Amino acid sequence: MDIWDLVVIGAGPAGSSAARVAANLGLRVLLIDKARFPRDKRCAGGVSRKALAAIPEPLPGNVIEREITSLILGGPGDFLIQESTGAPIAVTVRRSVFDSFLVDLAIGAGAEFRDNTEVLDLDEHEGFVSISLGNVPRAAENVRASFVIGADGAQGKVAALSGIRRKWRRIELGVGLYIETTLGKAPPEAMHLYCLPELPCSFGWMFPYRDSANVGIGTWGPFSSRIPPVFHSFLERLKTKWGIRNLSQCRKRYILPAGGFTRRIAKSRILLAGDAAGMVDPFSGEGIYYAIKSGAMAAETVARAIRSYAHPADIAMGYQRLCYSHFIKEFRLSAIRAFTSGYKNKIGFWFLRHDPRIAKRLIDIITGGT
């Protein structure tokens, strides 16, 4: 039976980063994902400058769809403001290409990668975790690991199988819906964020790709039933303003677990990272930066634990405290921004009308400057 220092479940930005960092620290690492790569992922596709800074190598040209150098903010009515910078504040990517690039970095660091491999069960024993795997080219198999990092997304199995979390509370969740459109007359270098007066604490977006745009909206979980008509209204608004038209008829929905809530994210030898741990900005919906950072932090925690022979309960609590100290204040401030920006609440946009410099501060938030 294979015995690994670390098995990372889920090969998105959190899992790939965890595998890369752990392998660079000398651990024997297995990275698995239930999908066959390359695979698409439900996501707006924006990677902020602070997320780019957390990746050890620059993104190749084939990974980048667009460099974003300006931010367009749309408020109630016809309010629109554009703030431009001289340098990129973000890039857009297609997750099938971006995630494969991050997996390649992990493989290059020495991690072993298996796609089309699903976790069927896991069981913690004294000194190791036993993991049952399926959907492999050969028969189902069991592997052992000193530690497991669950980076398998908001609806992944690791949290439930380990008993860390059975389900999300509805208030913790955001729900997104998006399609792909043409760019129309929209500036190809601009990222769009729009206030949605019909929905509480919600935003619409339009992110440009090479020859198209990702258009979507997100709101808090309790209001998810109201998304379809609001999305239709928002889409019509963009068609009138920018002349876009639908490229995909399939409207894809997905869950975003909002950060800022006190929740359990680790148990003994099993740690959660990225969306699986609820590491998503409640205001912007950004998850990639927090996935990369939390994945790296989880890997570093495991490496220290293996070197020091620390007690598993201390390891889990230490990782949880580390994540709280890095992220929870930022997430809670972000939740306040969300509450003051949406649902017929014109306070934030009133300030923008009278002081456009606030848009620069929003760019600072996106880029990690404040």
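**Figure 1. Helices α1 and α3 cross with a left-handed sense.** In this predicted model, the axes of helix α1 (residues 13-24) and helix α3 (residues 95-109) come within 7 Å of each other and cross at roughly 15°. Because angles under 35 degrees count as roughly parallel, α1 is described as roughly parallel to α3.

**Figure 2. Residues at the contact of α1 with α3.** Helix α1 contributes Pro13, Ser16, Ala19, Arg20, Ala23 and Asn24. From helix α3 come Arg95, Phe98, Asp99, Leu102, Val103, Leu105, Ala106 and Ala109. Nine residues of this contact are nonpolar, two are polar and three are charged.

**Figure 3. An open sheet of seven strands with mixed pairing.** The strands follow the order β6-β5-β13-β14-β15-β12-β16. Strands β6 (80-84) and β16 (252-257) form the edges, each pairing on one side only. On average, neighbouring strands of the sheet are turned by 20° against each other, with direction ignored.

**Figure 4. Strand β12 beside the edge strand β16.** Strand β12 (residues 173-181) and β16 run antiparallel and are joined by six bridges. Within this pair, tyrosine 178 stands opposite lysine 252 in β16.

**Figure 5. Helix α5 lies across strands of the sheet.** Helix α5 comprises residues 227-242. The strands that α5 lies across are β5 (70-74), β6, β12, β13 (190-195), β14 (203-208), β15 (213-220) and β16. Relative to β15, the helix runs at about 145°.

Conventions:
Residues numbered from 1 in each chain as written. Predicted model: local features only at pLDDT ≥ 70, side-chain atom pairs only at ≥ 80, totals over all residues. Heavy atoms only, no water. Axes fitted to C-alpha atoms, helices over the stretch in contact; angles between N-to-C directions. Helix = DSSP H or I, 4+ residues; strand = E, 2+ residues; numbered from the N terminus. Parallel < 35°, antiparallel > 145°, perpendicular 65-115°, else oblique. Left-handed = near helix turned anticlockwise from the far one by under 90°. Contact = heavy atoms within 4.5 Å. Nonpolar A, V, L, I, M, F, W, Y, C, P; charged D, E, K, R; others polar. Pairing = 2+ DSSP bridges.
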